[in-house]
Amino acid sequence: MLSNQYSITEVKQIINAEGEIIKEDLISVLLTDSRRINIAAEGLFFALSGRRNGHEFIAEAYSAGVRNFVVKQGPEIKLPDANFLIVVDVLLALQTLARHHRNRFNLDVIGITGSNGKTIVKEWLYQLMAADKIIVRNPKSYNSQIGVPLSVWQINEKNNLGIFEAGISLPGEMEKLEAVIKPNIGILTHLGTAHDSGFENTREKVLEKLKLFKHCTLLIHNYDQLVDYQQDIPATTCFTWSRSFKQADLYVFSETVIKKNYYLRAIFREKEIECLIPFLDQASIENAIICWAALLALGYPAAEVDKRLERLNPVSMRLELKTGINDCSVIDDSYNSDIQSLEIALNFLNQQNQHHKKTLILSDIFQSGLQEDVLYKQVAELIKSKKVDKFIGVGTALLSRQEYFDVPEKFFFTDTTELLNNLLTPGFKSETILIKGSRSFEFERVSRALVQKTHETVMEINLNAMLNNLNYYKSKLKPGVKLMAMVKAFSYGSGTFELANMLQYNKVDYLAVAYTDEGISLRQAGITMPIMVLNAEQSAFDKLAEFKLEPVIYSFGLFDNFIKFVQQNDILNYPVHLKIDTGMHRLGFEPVDMDLLCDLLEENKYIRVLSMFSHLAASEAPEHDQFTREQIGRFEKAAGAIEDCLNYKVIKHLSNTSGITRWPSAQFDMVRLGIGLYGIDAAVPADDSALQPITSLKTSISQVKKLVAGDTVGYGRNGVMKNDGRIATVRIGYADGYLRAFGNGVGNMLVNGVLVPTIGNVSMDMCMIDVSGVEVKEGDEVIVFNEQHRIEELATQIGTIPYEILTNISQRVKRVYFYE
Ligand SMILES: *Cc1c(COP(=O)(O)O)cnc(C)c1O
């Protein structure tokens with residue numbers, strides 16, 4: 001038997017489950033997400049309850065072919081031929097099984113925790129030691145209560161080192177992860193000071209993190225961080241590093257920049273040693289020092305460590321979605337390649353289904369710890385299950401196994417250069433292309449060939465952050481309350497189908513757009529879920545119907561026109577939404593109109609009212625709470641009147657973002673989430689880690705100039721240099737959405753970590769910033785806004801609201817989506 005193959009009877013014993021085994025099966029794959037079932041054979045599905053009850057997904061998993069389940073209670077309907085293992089706590093059962101698996105192996109395991117840098121340190125240690133160890137590690141940043149057991153499950157008898165990171169957000173979680181990982185070597189990365197909603201205070205959080213090291217015989221950490229915790233360190237031996245404490249095992253005493261490298265000198269075992277790191281930012285430097293300390297602690301010779309550190313590669317954990325040539329979309333994941341991350345990337349490929357055709361460009365995979373034949377059979381099976389239409393294999397190992405791949409179209413090349421010289425052979429048009437290659441194949445060259453050139457100002461959209469925000473609001477909803485995501489105005493400036501696909505994949509109930517055109521674009525990009533149109537224009541009714549979009553009816557005039565339209569087209573029961581004005585005074589029927597509206601609706605066979613809603617005028621503002629309460633009351637009454645005259649149920653909804661946060665009593669049957677999805681909520685403090693901004697706007701410096709006191713800058717000579725200094729011209733102007741109001745020092749931008757003011761008027765395509773005293777050069781990145789320099793701040797500077805800043809960013813600014 002393979003090392004992670006168990007009989008279902010064995011599993012039953014390990015997790016101490018009830019339930020009858022009706023047929024003996026082998027288990028080798030653990031499944032937790034019914035949307036992502038690739039290999040159903042030998043799969044064991046854990047019906048985990050998160051925001052939704054995992055049991056709701058059993059049927060879906062069953063129809064995907066899964067026959068073994070761990071559940072809290074048996075399914076309501078009988079599913080033939082399946083084993084149900086019944087346990088009290090499904091998550092605990094998953095962890096118990098992984099723990100059992102871990103304990104069968106006697107290998108060194110490094111456990112990593114901290115607030116920042118866990119994934120980078122893990123990936124770098126992998127890069128640094130892959131030459132002499134067969135390493136198993138978490139795919140991407142699978143470090144949660146679910147991700148860790150799934151990662152540990154990958155251990156097999158070939159591995160002689162495990163590197164696992166653990167992330168926590170609540171007290172009590174680390175103990176469970178410790179038991180699953182059981183590290184004998186610990187690494188503590190940077191501890192942040194960020195407000196952490198799950199913990200009373202920093203001390204409580206740090207003590208929780210230290211629990212990972214309970215059974216460690218060696219702990220590598222920064223002495224300066226744990227000065228106040230010396231009594232609480234559980235590990236038997238510590239290897240410390242420090243920039244100030246001379247007695248640390250690795251005392252870093254000198255740091256300088258040499259060309260594009262960072263040169264560090266330190267005292268180790270009373271001798272001076274050195275290393276060169278190919279990174280200049282503070283976070284990377286700290287993470288590299290941690291790796292330096294770790295390798296020394298593990299006994300690598302100092303000179304060897306220096307040699308390896310110099311070759312560190314940046315870790316991009318992101319899957320970037322970019323606009324490609326010939327109407328293609330490109331998912332760029334060209335930094336590494338193993339079967340777990342391939343699976344994650346293929347899931348993302350399936351989620352972004354705007355083009356019908358799905359293409360994978362894959363290189364040979366190294367250091368999998370599996371025999372090549374076994375490995376590539378698994379790869380082939382995965383690719384088949386993910387319904388890839390076109391497969392392009394690069395490398396001799398793939399080339400010699402062409403027959404494994406059962407794909408409609410396939411092409412093989414010996415190396416990257418051969419692929420690049422023959423790009424026309426596979427040809428690319430209107431398809432989504434996933435590029436995934438091992439480092440040595442240099443697939444960034446492939447990505448460069450297939451991605452459209454961009455203007456250097458880009459808006460980056462973090463799809464993980466959006467998912468985080470979505471889940472935050474979902475967690476505020478009472479059971480059964482539906483969620484409508486507002487993606488009007490180009491999703492508040494952040495994109496169209498890219499976000500909508502993510503929302504559809506994550507089973508949001510409804511989408512809403514402002515105009516018919518926006519709905520049509522979504523349909524054309526493959527969005528099939530219901531879409532409500534806030535302002536359906538009469539001239540577009542036929543398009544509305546053709547694309548199955550659902551209009552909001554807000555007045556008697558619109559009502560009449562729409563009824564006429566459906567009548568003429570012989571349509572019955574067309575789904576519509578009714579809007580009631582309870583105090584916003586923008587669109588909607590008045591509460592006094594209800595009787596008349598009832599008369600019109602009764603027995604009307606042409607339309608069917610799916611939902612009824614109103615909009616709050618000031619849900620975020622405590623000073624208007626009395627008014628909001630009145631709006632809620634009016635809505636209840638008006639909606640009740642309509643419901644009485646219709647003899648069917650309709651969905652009632654009222655709350656927008658701050659309504660969800662501040663008015664739990666007003667959730668009715670559904671909420672409409674807008675700006676909160678994009679990480680902004682006037683009712684959630686900006687330093688609360690619960691919400692994450694999803695967008696950042698970046699540009700770059702095109703020229704730097706030395707000026708003297710009295711020189712003027714820009715049109716109208718409004719910018720005047722007070723002293724001698726330097727300015728930089730950056731590639732963003734009011735035509736990009738950086739409004740003129742930001743000029744003359746009102747706005748500021750982040751350059752190399754320093755906030756600098758604008759100087760002079762903002763031009764159409766450019767503006768100038770005062771960089772006196774700041775180290776900058778042409779080409780440097782300039783941040784207009786991101787998670788540190790926030791949109792809220794920009795809005796305050798020019799007296800507007802974040803909504804306006806976001807939606808003003810013009811379409812010529814390229815959007816790049818990424819998914820970690
Ligand atoms: C835009 C909009 C919302 C979303 O509002 P946020 O404050 O962004 O959450 C909700 N309902 C209607 C009718 C809207 O037009």
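**Close-up views of a predicted model**

**View 1. Phe391 and Phe405 are both buried.** The model shown here and in the views below is predicted. The rings of Phe391 and Phe405 form a stacked pair, because their planes meet at 20° and planes under 30 degrees apart count as stacked. Their centres are 4.6 Å apart. Phe391 belongs to strand β19, residues 390-394. Phe405 sits in the loop between α12 (396-399) and β20 (409-413). The two residues are 14 apart in sequence, and the pair links distant parts of the chain.

**View 2. Phe239 and Phe268 form a tilted ring pair.** The model holds 23 aromatic pairs. In the pair of Phe239 and Phe268, the ring centres lie 6.1 Å apart, and the planes stand at 50°. This pair is called tilted because its angle is 50°, and angles neither under 30 nor over 60 degrees count as tilted. Phe239 is in strand β12, residues 237-242. Phe268 is in strand β14, residues 261-268. The two residues are 29 apart in sequence, so the contact ties together separate parts of the chain. Phe239 is buried, with a relative accessible area of 6%. Phe268 is buried too, at 11%.

**View 3. Four aromatic residues form one cluster.** The members are Phe541, Phe562, Phe565 and Tyr574.

**View 4. Strand β5 is covered on both faces.** This strand spans residues 68-71. Asn68 and Val70 lie on one side. Phe69 and Val71 lie on the other. All four residues are buried.

**View 5. Strand β5 pairs with β4 and with β6.** Strand β4 covers residues 43-46 and runs parallel to β5. 2 bridges join β4 and β5. Strand β6 covers residues 83-86 and also runs parallel to β5. Here 4 bridges make the connection. Val70 of β5 has a partner in each neighbour: Phe46 stands opposite Val70, and Leu85 is the bridge partner of Val70 in β6. Val70 itself is one of the buried residues of β5.

**View 6. Arg67 lies over the face of Tyr62.** The distance to the ring centre of Tyr62 is 3.7 Å.

**View 7. Arg137 lies over the face of Tyr126.** Here the distance to the ring centre of Tyr126 is 3.6 Å.

Key: Residues are numbered from 1 along each chain as its sequence is written. This is a predicted model: local features need pLDDT of at least 70, side-chain atom pairs count only at pLDDT 80 or more; totals for chains, interfaces and linings use all residues. Side-chain values use heavy atoms; hydrogens and water are left out. Buried means under 20% relative accessible area, exposed over 50%, partly exposed in between (1.4 Å probe, protein chains only). Two strands pair if DSSP finds at least two bridges between them. Rings of Phe, Tyr and Trp (its six-membered ring) pair if their centres lie within 6.5 Å; planes under 30 degrees apart count as stacked, over 60 as edge-to-face and the rest as tilted. A charge sits over a ring if NZ of Lys or CZ of Arg is within 6 Å of the ring centre and within 35 degrees of the ring normal.
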